[in-house]
Amino acid sequence: MGSYTDNQSQPGDVATETSRPKLKRPPMYKVIILNDDYTPMDFVVMILERFFAMNSEKATRIMLQVHTRGAGVCGIFSRDIAETKVAQVENYSRQHDHPLKCTMEVA
């Protein structure tokens with residue numbers, strides 16, 4: 001009988017190599033602020049600074065995009081975080097009597 005080395009299988013051995021399942025990354029979501037004719041621009045800037053941790057310059061740039069194009073992307077997040085951000089923005093806006101709308105869509 002010949003000798004077997006560690007990398008050769010012996011008769012009767014069962015293959016035990018396991019394959020790793022390929023996990024797909026969960027989808028990410030864009031949080032989008034929608035323009036309206038009533039919410040003040042400075043309130044939108046404050047929302048972006050407060051809930052999306054933007055500096056004043058970036059918040060102003062996004063606010064102008066919302067104002068001129070009708071919508072602006074605030075960030076891209078996992079589903080749970082995006083849902084939370086949308087709820088935070090809309091709740092805070094309602095508490096301050098503003099009709100600001102925020103939504104999310106798959107990135």
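This report describes the fold, the helices, the nonpolar core, the cysteines and the loops of a predicted model.

## Overall architecture

The chain contains three helices and three strands, and these elements follow one another along the sequence in the pattern β-α-α-β-α-β. Of the 107 residues in the chain, 29% are buried. The exposed surface of the chain comes to about 8100 Å², of which carbon and sulfur atoms supply 51%.

Contacts that link distant parts of the sequence can be described by their separation: among those between residues at least 6 apart in sequence, 69% join residues at least 24 apart.

## The nonpolar core

The largest nonpolar core has 23 residues, and within this core the residues with the most contacts are V31, I33, I47, L48 and F52. Two or more residues are given to this core by each of β1, α1, α2, β2 and α3, with α1 giving the most, namely seven residues.

I33 illustrates how such a core residue is surrounded. When its neighbours within four places in sequence are left aside, I33 is in contact with I47, L48, V66, G70, A71, G72, C74, L100, K101 and C102. Two of these partners, I47 and L48, are buried residues of α1, and both are also listed with I33 among the residues that have the most contacts inside the core.

## Helix α1 and its contact with α2

Helix α1 has twelve residues, and the distance from its first C-alpha to its last is 16 Å, close to the 16 Å expected at 1.5 Å a residue. Its buried residues are F43, V44, V45, I47, L48, F51 and F52, and the elements that cover them include β1, α2, β2 and α3.

On the side of α2, one residue that can be followed in detail is A59, which lies in that helix. A59 counts as buried because its relative accessibility is 0%, where the limit for a buried residue is under 20%. Not counting residues up to four places away in sequence, A59 touches V45, L48, E49 and M54; of these, V45 and L48 are among the buried residues of α1. The C-alpha atoms of A59 and E49 are separated by 6.2 Å, although the two residues are ten residues apart along the chain.

## Helix α3

Helix α3 comprises the 17 residues 79–95, and at 1.5 Å a residue these should span 24 Å; the C-alpha atoms at its ends are 24 Å apart, which agrees with that expectation. The buried residues of α3 are A82, K85, V86, V89, Y92 and S93. They cover an arc of only 145° around the axis, and therefore they lie on the same side of α3.

On the other side of this helix, D80 and Q95 are exposed. The buried residues of α3 are covered by elements that include β1 (28–34), α1 (41–52), β2 (71–78) and β3 (101–106).

## Cysteines without a disulfide

The structure holds zero disulfides. For C74, the closest cysteine sulfur is that of C102, and because the two sulfur atoms are 5.3 Å apart, they are too far for a bond; a disulfide would need the sulfur atoms within 2.5 Å.

Both cysteines are nevertheless enclosed by the chain in terms of accessibility: C74 counts as buried at 8% relative accessibility, and C102 counts as buried at 5%. C74 and C102 also both appear in the list of contacts made by I33.

## Positive phi angles after two helices

Where do residues other than glycine with a positive phi occur in relation to α1 and α3? One of them is A53, which follows α1 with a positive phi near 50°, and this residue lies in the loop between α1 and α2 (56–69). A53 is exposed, with a relative accessible area of 71%.

The other is D97, which follows α3 and has its place in the loop between α3 and β3. Phi of D97 is near 60°, a positive value in a residue other than glycine. D97 is exposed, with a relative accessible area of 70%, and an exposed residue is one with over 50%.

Key: Residues numbered from 1 in each chain as written. Predicted model: local features only at pLDDT ≥ 70, side-chain atom pairs only at ≥ 80, totals over all residues. Heavy atoms only, no water. Helix = DSSP H or I, 4+ residues; strand = E, 2+ residues; numbered from the N terminus. Expected span 1.5 Å × (residues − 1). Buried < 20%, exposed > 50% of the residue type's maximum accessible area, 1.4 Å probe, protein only. Arc of directions from axis to C-beta. Contact = heavy atoms within 4.5 Å. Areas by Shrake-Rupley, 256 points an atom, 1.4 Å probe, with all protein chains shown as cover. Core = buried A, V, L, I, M, F, W, Y, C linked by side-chain atoms within 4.5 Å.
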